[in-house]
Amino acid sequence: MTTRRALLGGTLAAPFLTRPGRAAGSARVVVVGGGYGGASCARALHAADPRLDVTLVEPNPEYVSCPFSNHVVAGLRDMDGQRFVLRSLGGVLPVNARALAIDPAAREVRLDGGALPYDRLILSPGIEMRFDALPGYDAAAAERFPHAWSAGPQTLLLRQQLAALPDEGTVLMSVPPNPYRCPPGPYERASLIAWFLKTRKPRAKLLVLDAKDAFSKQKLFQAAWKDLYPDTLEWVGQSAGGTVTGVDPDGTVQTDFGAHKADVVNIIPPQRAGRIASVCADRSGWCPVDPVTFESRIVPGIHVIGDAAIMGAMPKSAFAANAQAKVCAAAVAALLSDAQPEEPRLINTCYSLVKPGYAISVAGVYRPVRGVLADIEGAGGTSALDAPPETRALEAKYAEAWYHTITQQAFG
Amino acid sequence: MPGTGIGVLQGRPAEDTTAQMEAFRSGARPATLMNRIARGFSPDEVRALSAWFATPEANTGTGTP
């Protein structure tokens, strides 16, 4: 520890970290990660108390959005609509650097080119793929069998592979056990790949191997699949042998019940909190946090929001990350002025497109109960199973409106 | 937001937001989603959030409730 602190001390004077405008004595808040959580949180911190000295650290000059990237996979949108250049975030200028390590005792974040001291640190690093979880599925294998669960080149790789699929080819998707980023996401993707196949390669098939028997919006998805894709999409749950146990170099996918060959293999592997947050992670690989302040249960002074955090019933989604960012910002601003954080109410909504002009949703409202965020009974739930096509079309329109609004709010 | 059918909360008079939330909660106003959301808030909480959205701070789109 002494060595590391000495190293940090020696690297403090990087020029880009010099901020002469900072008022003497103002509290320093460092936010790591420029996605839906981090960008929203930096803005909300500045808005909550303009005297705060807020720094956002993000190595990439632009953010590539996972929400709506399934549309890109299926050829329904371009990548351009997924890219957001990180400019001034409501008065906070992003620092273009990578956070390498945290020294909680010294309250410093070490960067590739300096170090940043903090009074409160907010981590919003998203996920990293667990390339140690499925035998045969590592980072190199992902270049041939894309996960496309982090938007960017992986999204385009899967899209290109689908476009090149033989007319009578087979696509295989593997879905991990809970928890993972975007619970309904794999089923939206399955729906949109099925749409692509049905309209472009009607003799091709999609096989979905799932490590679970129950999933988000299951009744709605399965009713839609039966109606729209009965000859295209086959879903195999855990009890029918859906759990993938490994991937061979030739793309053969192994399960306890047998092996499957396919022309395009999309493996969504198990995940954990982004690496910088590992200091706050428990044995599950995720970061348990307080449901009022999002302060880590493991390291005081560090808050974790978004996909990397676990705090009860709230799912890992961009909507949730944005809501948590605002609650966390308010709590941190309160804590830094010795005030009591307010007990929050949080909302989540996830839309899934089943085909163009047909979307379904799930929503939840959450409050802190005995140390976790719990569903408020009677609220939330899914779209009605018997809703007319007009409702599905409206929800597809609202999904677009939501995407426009949240990206404007986070990155605009 | 304009042209999408989703109403803007920021800047809306507090009485109006409260009335709409109660109508969503009771089912008097049909909805795809807001009925499910409104049921998560007590009358007191609805009054509090309606008052917040009527303030200038809410209009920045970045404020914290």
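User: Which domains does the domain assignment give for chain A?
Analyst: Domain 1 takes in 2-126 + 274-342, and domain 2 is 135-269; the bounds come from an automatic or database domain assignment. Mind that this is a predicted model, where local features need pLDDT of at least 70, side-chain atom pairs count only at pLDDT 80 or more, and totals for chains, interfaces and linings use all residues. Residues are numbered from 1 along each chain as its sequence is written, with chains lettered from A and ligands numbered from 1 in the order in which they are written.

User: How many residues does the contact take from domain 1 and domain 2 of chain A?
Analyst: Domain 1 of chain A gives 19 residues and domain 2 of chain A gives 20, where a contact means C-beta atoms, placed from the backbone, within 7 Å. The domain centres, over C-alpha atoms, are 32 Å apart. On the domain 1 side, helix α3 (residues 69-73) of chain A brings the largest share, five residues. That side divides into ten nonpolar, seven polar and two charged residues. Ala, Val, Leu, Ile, Met, Phe, Trp, Tyr, Cys and Pro count as nonpolar, Asp, Glu, Lys and Arg as charged, and the others, Gly among them, as polar.

User: What makes β5 and β20 of chain A edges of the sheet?
Analyst: Look at the order first: β5-β2-β1-β9-β20 in chain A, an open sheet with parallel pairing. β5 (94-95) and β20 (302-304) of chain A each have a single partner strand, so one side of each lacks a neighbour in the sheet. Strands are DSSP E runs of at least two residues, helices H or I runs of at least four, both numbered from the N terminus.

User: How do you know that β2 of chain A joins β5(A)?
Analyst: Pairing takes at least two DSSP bridges, and two bridges join β2 (residues 53-57) of chain A to β5(A), so they qualify. One of the partnerships is Val57(A) with Val95(A). Further along, β1(A) and β9(A) share four bridges, while β9(A) and β20(A) share three. Ile122(A) of β9(A) is partnered by Val31(A) and by His303(A) of β20(A).

User: What makes both faces of β9(A) covered?
Analyst: Arg120(A) and Ile122(A) on one side, and Leu121(A) and Leu123(A) on the other, are all buried. Buried means 20 or more other C-beta atoms within 10 Å of a residue's own (exposed is 12 or fewer, partly exposed in between; C-beta atoms are placed from the backbone).

User: Why is α5(A) mostly covered?
Analyst: Of its 16 residues, 13 meet the buried criterion, so the label fits. Helix α5 (residues 185-200) of chain A also has the span you'd expect: it reaches 22 Å from first C-alpha to last, close to the expected 22 Å, which is 1.5 Å times one less than the residue count.

User: Which strands are the edge strands of the antiparallel β14-β15-β16 sheet in chain A?
Analyst: β14 (244-247) and β16 (258-260) of chain A, as each pairs on one side only. Three bridges join β14(A) to β15 (residues 253-255) of chain A, and Val253(A) is the partner of Val247(A).

User: What comes to three helices and zero strands?
Analyst: That's the secondary structure of chain B, with elements running α-α-α from the N terminus. Of its 65 residues, 29% count as buried. Chain B puts 17 residues into its contact with chain A, which gives 29. The chain B side has five nonpolar, nine polar and three charged residues.

Conventions:
Two residues are in contact if their C-beta atoms, placed from the backbone, lie within 7 Å.
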